[in-house]
Amino acid sequence: MSCGEPHETDCSEILDHLYEFLDKEMPDTECTKFETHFEECSPCLEKYGLEQAVKKLVKRCCGQDDVPGDLRSKVMGRLELIRSGETVPDHDIAAAPTTPQET
């Protein structure tokens with residue numbers, strides 16, 4: 001996604017690290033770079049606003065649920081694989097075991 005205009009920071013870099021910005025997981029200098037980009041690029045600003053709204057909705061609806069400690073690292077690892085262009089094997093996705101219901 002790009003607005004077609006040249007920017008100091010490419011739109012793809014902004015979108016690749018959008019959640020790090022949303023989660024305040026980057027240095028202030030990087031945050032400033034993102035804020036400057038959003039001032040110049042309305043498509044990226046729109047994407048930021050949408051992702052921010054989704055994040056707030058998830059927090060409101062699921063914010064009280066306990067999350068397993070290793071879930072974040074698994075998700076971040078999977079995202080890095082996807083960003084690098086590697087395929088994520090289907091068997092790598094663990095499904096919860098099902099137990100037969102007693103009647």
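A polar contact here is a pair of N or O atoms within 3.5 Å, where one must be able to donate a hydrogen and the other to accept it. Keep that in mind for the first stop, and remember that this is a predicted model.

**Stop one: H7.** Select H7, in the segment before α1, which spans 11-16. H7 counts as buried because its relative accessibility is 18%, and the cut-off for buried is under 20%. Now add E40 to the selection: the side chains of H7 and E40 are joined by a polar contact of 3.1 Å. To see who else is there, show H37 and C41 too; leaving aside residues up to four places away in sequence, H7 touches H37, E40 and C41.

**Stop two: α3 against α4.** Colour residues 28-40 as helix α3 and residues 42-62 as helix α4. Turn the view until you can see both axes: they come within 6 Å and cross at roughly 115 degrees. The crossing is left-handed. Which residues of α3 and α4 meet? Show H37, F38 and E40 on the α3 side, then S42, C44, L45 and Y48 on the α4 side. Sorted by class, this contact has four nonpolar, two polar and one charged residues. You have already met H37 and E40, as both touch H7.

**Stop three: E51.** Stay on helix α4 and pick E51. Is E51 buried or exposed? It is buried, because its relative accessible area is 13%, again with under 20% as the limit. Finish by showing L18, Y19 and L22, which E51 touches when residues up to four places away in sequence are not counted.

How values were computed:
Residues numbered from 1 in each chain as written. Predicted model: local features only at pLDDT ≥ 70, side-chain atom pairs only at ≥ 80, totals over all residues. Heavy atoms only, no water. Helix = DSSP H or I, 4+ residues; strand = E, 2+ residues; numbered from the N terminus. Buried < 20%, exposed > 50% of the residue type's maximum accessible area, 1.4 Å probe, protein only. Contact = heavy atoms within 4.5 Å. Axes fitted to C-alpha atoms, helices over the stretch in contact; angles between N-to-C directions. Left-handed = near helix turned anticlockwise from the far one by under 90°. Nonpolar A, V, L, I, M, F, W, Y, C, P; charged D, E, K, R; others polar.
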